[in-house]
Amino acid sequence: MLPEQRASLRQRLGGPNRRPVDQLVAAAETGARGAIVGFGDYARGALGKIGGLIGKLDNGSCAEDWRHLYTIVHDLRASSATVGWQGISSVSASLERAIEERNAQDRRMIKVVQLHHDGMQLLIGGGANSRAEWQGLITQLALAVHCLPRKGELAPVIALRPR
Amino acid sequence: MLTEADFSELVMQVVDDSSFMRRLTVDILKHFRVGTILEAESAETALAQIVMLRPDLIICDWQMYPTDGLSFLRQLRGHGDRRIAQIPFLMMTGHASDDYVRTAVREGANSFLVKPYTIAGLMSHLLRTLQEAAEKEAACEVWNVA
């Protein structure tokens with residue numbers, strides 16, 4: 001229907017086909033389960049995109065590529081949490097924070113992205129399925145992120161005292 | 001808050017570059033019995049649809065590439081056609097901080113939903129946003145008649 005031909009919003013919201021809101025929510029909760037089934041394929045596709053961007057970033061860092069990577073990781077974090085894949089969501093959250101907070105100019109940053117990518121691949125492939133296993137993975141990844149300087153900082157220099 | 005609703009004559013638009021989240025949101029809206037659902041994977045496609053079909057509500061993700069949801073909201077609010085510029089806008093995002101909420105509201109978002117969201121949460125935001133828009137529309141009509 002063309003916008004000009006529509007009744008007022010109030011009239012349409014209270015139209016003859018109105019239903020109890022609780023019923024509509026319950027129907028959607030049952031129906032949405034079907035949509036969740038395809039998440040594995042979607043996550044694998046997203047990992048493929050991350051892999052492609054790692055290759056590009058390794059050949060020369062570009063702010064646009066980092067922004068694109070961030071968008072994919074952010075989406076993976078939110079979508080996996082929506083379907084209850086907590087392991088993937090936690091690894092994505094770790095990578096999202098690393099991109100937000102750490103200095104992308106540091107060459108080790110690509111390695112950290114690669115580690116997160118490998119971790120997510122492991123989880124999607126069925127490895128590290130238990131909560132304890134993926135939490136162990138998160139701890140290891142956090143150590144890798146911790147080695148990177150924060151944005152605006154220089155890489156830490158280890159000062160050796162002459163003996 | 002409404003306890004009954006009829007969405008069958010409403011047009012809603014879902015803008016999200018994440019095909020999974022877009023499909024999920026569209027699927028939920030179908031179960032809410034929304035009459036017409038427009039899907040757009042980018043702000044550019046969304047704007048073209050809006051000019052043609054002027055949805056009653058836009059549900060948009062913030063973190064999109066290349067044009068993000070906030071830039072899209074700014075484009076919309078700055079549109080020359082007042083009826084398009086005032087379309088109710090529900091911003092979805094994975095960021096829950098106050099800064100994000102304040103920014104979205106300042107730029108003209110009518111509602112702000114944090115992902116992962118629940119279906120009841122989405123319904124609650126839809127109802128509140130649409131009800132406010134309906135009241136505003138009714139008030140404008142009274143003003144025009146007077």
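Let us start with how far the model can be trusted: chain B averages a pLDDT of 94, and 97% of its residues score at least 70. What you are looking at is a predicted model, and for the complex the predictor gives an ipTM of 0.91 and a pTM of 0.86.

A good place to begin is the interior. In soluble globular proteins, nonpolar side chains tend to be buried together. Here the largest nonpolar core has 69 residues, and Phe7(B) and Phe32(B) are the ones with the most contacts inside it. Helix H3 of chain A, residues 39-58, supplies the largest share of this core, with 9 residues. If you click on Phe7(B) and set aside its neighbours within four places in sequence, you will find it in contact with residues of both chains, among them Leu13(A), Leu24(A), Phe32(B), Val34(B) and Leu127(B). There is also a second, separate core of 20 residues, which includes Ile58(B), Trp62(B), Ile87(B) and Phe89(B). We will come back to Trp62(B) below.

First, follow helix H3 of chain A. H3(A) has 20 residues and reaches 28 Å from its first C-alpha to its last, close to the 28 Å expected at 1.5 Å a residue. Its buried residues are Phe39(A), Gly40(A), Tyr42(A), Ala43(A), Ala46(A), Leu47(A), Ile50(A), Leu53(A), Ile54(A) and Leu57(A). They sit on the same side of H3(A), because they cover an arc of only 155° around the axis. Turn to the other side of H3(A) and you meet Asp41(A) and Lys49(A), which are exposed. What covers the buried residues? The cover of H3(A) includes helices H2 (21-36), H4 (63-82) and H6 (108-124) of chain A, together with helix H1 (19-31) of chain B. Just after H3(A), Gly60(A) takes a positive phi of about 145°.

Ile50(A) offers a view from within helix H3 of chain A. Its relative accessibility is 0%, so Ile50(A) counts as buried. Apart from neighbours within four places in sequence, Ile50(A) is in contact with Leu69(A), Ile72(A), Val73(A), Leu76(A), His117(A) and Met120(A). Elsewhere in chain A, Ser89(A) belongs to helix H5, residues 86-101. Ser89(A) counts as buried because its relative accessibility is 7%. With the same neighbours in sequence left aside, Ser89(A) is in contact with Arg77(A), Ser80(A) and Ala81(A).

Now for the aromatic rings. A pair of aromatic rings is described by the distance of the centres and the angle of the planes. Over all chains, a search of the whole structure finds 8 aromatic pairs. One of them joins Trp62(B) and Tyr100(B) edge-to-face, at 4.9 Å centre to centre and with 65° between the planes. Trp62(B) lies in the loop between strand S4 (57-61) and helix H3 (69-77) of chain B, while Tyr100(B) lies in helix H5 (residues 98-106) of chain B, so this pair ties together parts that are 38 residues apart in sequence. Trp62(B), at 7% relative accessibility, counts as buried, whereas Tyr100(B), at 26%, counts as partly exposed.

Trp62(B) has another ring partner: its ring centre is 6.5 Å from that of Phe112(B) and the planes are at 85°, so this pair is edge-to-face. Phe112(B) lies in strand S6 (residues 111-114) of chain B, so the pair with Trp62(B) ties together parts that are 50 residues apart in sequence. Both Trp62(B) and Phe112(B) are buried. The two chains also meet in a cluster, where ring pairs link Phe39(A), Tyr42(A), Trp85(A) and Phe20(B).

Finally, look at the backbone of chain B. Most residues other than glycine have a negative phi, and most peptide bonds are trans. Where are the exceptions? The peptide bond from Tyr65(B) to Pro66(B) is cis, with omega near 5°, and Pro66(B) is found in the loop between S4 and H3 of chain B. The bond from Lys115(B) to Pro116(B) is cis too, with omega near 0°; Pro116(B) lies in the loop between S6 and helix H6 (119-145) of chain B. Arg33(B) has a positive phi, near 65°, and sits in the loop between H1 and strand S3 (36-40) of chain B. For Arg54(B), phi is also positive, near 30°.

How values were computed. Residues are numbered from 1 along each chain as its sequence is written. Chains are lettered from A and ligands numbered from 1 in the order in which they are written. This is a predicted model: local features need pLDDT of at least 70, side-chain atom pairs count only at pLDDT 80 or more; totals for chains, interfaces and linings use all residues. Side-chain values use heavy atoms; hydrogens and water are left out. A nonpolar core is a set of buried Ala, Val, Leu, Ile, Met, Phe, Trp, Tyr and Cys residues joined through side-chain atoms within 4.5 Å. Buried means under 20% relative accessible area, exposed over 50%, partly exposed in between (1.4 Å probe, protein chains only). Helices (H or I, at least four residues) and strands (E, at least two) are DSSP runs, numbered from the N terminus. Contact means heavy atoms within 4.5 Å. The expected span of a helix is 1.5 Å times one less than its number of residues. The arc is that of the directions from the helix axis to the C-beta atoms. Rings of Phe, Tyr and Trp (its six-membered ring) pair if their centres lie within 6.5 Å; planes under 30 degrees apart count as stacked, over 60 as edge-to-face and the rest as tilted. pLDDT is the predictor's confidence in each residue, from 0 to 100.
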